Amino acid sequence: MLELRPSCEGCGKLLPPNASDAMICTYECTFCEVCALTKLRNVCPNCGGNFAPRPIRTRAQLDRHPARTQAQPVFIDEAAHARFFERYRDTPPGER
Ligand SMILES: [Zn+2]
Ligand SMILES: [Zn+2]
């Protein structure tokens, strides 16, 4: 089950469970669409993977399985991102 982290790790934008612009990597590193696709160019700074839109969770299911509320630090490891980007910039996600 996804944690549904509450905000972008790149800029701090709030990303509630019904946000249409939340994107996640396979480890659920969570960014807004602008940070994920423009700033990070679809390379996760923490693992080198790609991002996909985070599915919403219905309100009924949120009652049973609430989203995480603990804020995520706003931090991008620029050096790590640069290394991953250099390695994967020309490699489609399915071949990384
Ligand atoms: Zn952002
Ligand atoms: Zn990641």
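Leaving aside neighbours within four places in sequence, which residues is Cys-32 in contact with? Contact here means that the C-beta atoms of two residues, placed from the backbone, lie within 7 Å. By that criterion, and with those neighbours left aside, Cys-32 is in contact with Cys-8, Gly-10, Cys-11, Lys-13, Leu-15, Asp-21 and Ala-22.

The structure is a predicted model, in which local features need pLDDT of at least 70, side-chain atom pairs count only at pLDDT 80 or more, and totals for chains, interfaces and linings use all residues. Residues are numbered from 1 along each chain as its sequence is written, while chains are lettered from A and ligands numbered from 1 in the order in which they are written.

The chain holds 3 helices and 3 strands. Helices (H or I, at least four residues) and strands (E, at least two) are DSSP runs, numbered from the N terminus. Along the sequence the pattern reads β-β-α-β-α-α. The radius of gyration, taken over C-alpha atoms, is compared with a globule rule of 2.2 Å times the number of residues to the power 0.38. For 96 residues, a compact globule would have a radius near 12 Å; the chain has 14 Å, which agrees. Along the principal axes, the C-alpha atoms fill a box of roughly 40 × 25 × 20 Å. Of the contacts in the chain with a separation of 6 or more, 59% are accounted for by residues 24 or more positions apart.

Burial was assigned from C-beta atoms placed from the backbone: a residue is buried if 20 or more others lie within 10 Å of its own, exposed if 12 or fewer, and partly exposed in between. Buried residues make up 28% of the 96 residues.

The strands form an open sheet of 3 strands in the order S2-S1-S3, with antiparallel pairing. S2 and S3 are the edge strands, each pairing on one side only. Two strands pair if DSSP finds at least two bridges between them. S1 and S2 run antiparallel and are joined by 3 bridges. Met-23 has Phe-31 in S2 as its bridge partner. In general, strands of a sheet pair through backbone hydrogen bonds, either parallel or antiparallel.

The largest nonpolar core has 17 residues. Such a core is a set of buried Ala, Val, Leu, Ile, Met, Phe, Trp, Tyr and Cys residues joined through C-beta atoms within 7 Å. Phe-31, Cys-32, Ala-36 and Phe-51 touch the most other members. S1, S2 and H1 are the elements that give two or more residues to this core. S1 gives the most, with 3 residues. In soluble globular proteins, nonpolar side chains tend to be buried together.

Ala-36 lies in helix H1. Ala-36 counts as buried because it has 27 C-beta neighbours inside 10 Å. Apart from neighbours within four places in sequence, Ala-36 is in contact with Met-23, Phe-31, Asn-42 and Phe-51. Asp-21 is 15 residues from Ala-36 along the chain, and their C-alpha atoms are separated by 9.7 Å.

Two loop residues have a positive phi although neither is a glycine. Glu-28, with a phi of about 70°, is found in the loop between strand S1 (22–24) and strand S2 (30–32). Arg-41, with a phi of about 50°, is placed in the loop between helix H1 (33–39) and strand S3 (52–53). Glu-28 counts as exposed, with 12 C-beta neighbours inside 10 Å. Arg-41 also counts as exposed, with 12 such neighbours.

Helix H3 (residues 78–88) contains Arg-83. His-81 is found in helix H3, as is Ala-82. His-81 is partly exposed, with 18 other C-beta atoms within 10 Å. Beyond neighbours within four places in sequence, His-81 is in contact with Leu-40, Val-43, Pro-45 and Ile-76. The C-alpha atoms of His-81 and Arg-41 are separated by 10 Å, with their positions 40 residues apart along the chain. Ala-82 is exposed, with 12 other C-beta atoms within 10 Å. Its C-alpha atom is separated by 9.8 Å from that of Gly-48, 34 residues apart along the chain. Arg-83 is partly exposed, with 14 other C-beta atoms within 10 Å. Arg-83 and Gly-94 are 11 residues apart along the chain, and their C-alpha atoms are separated by 19 Å.
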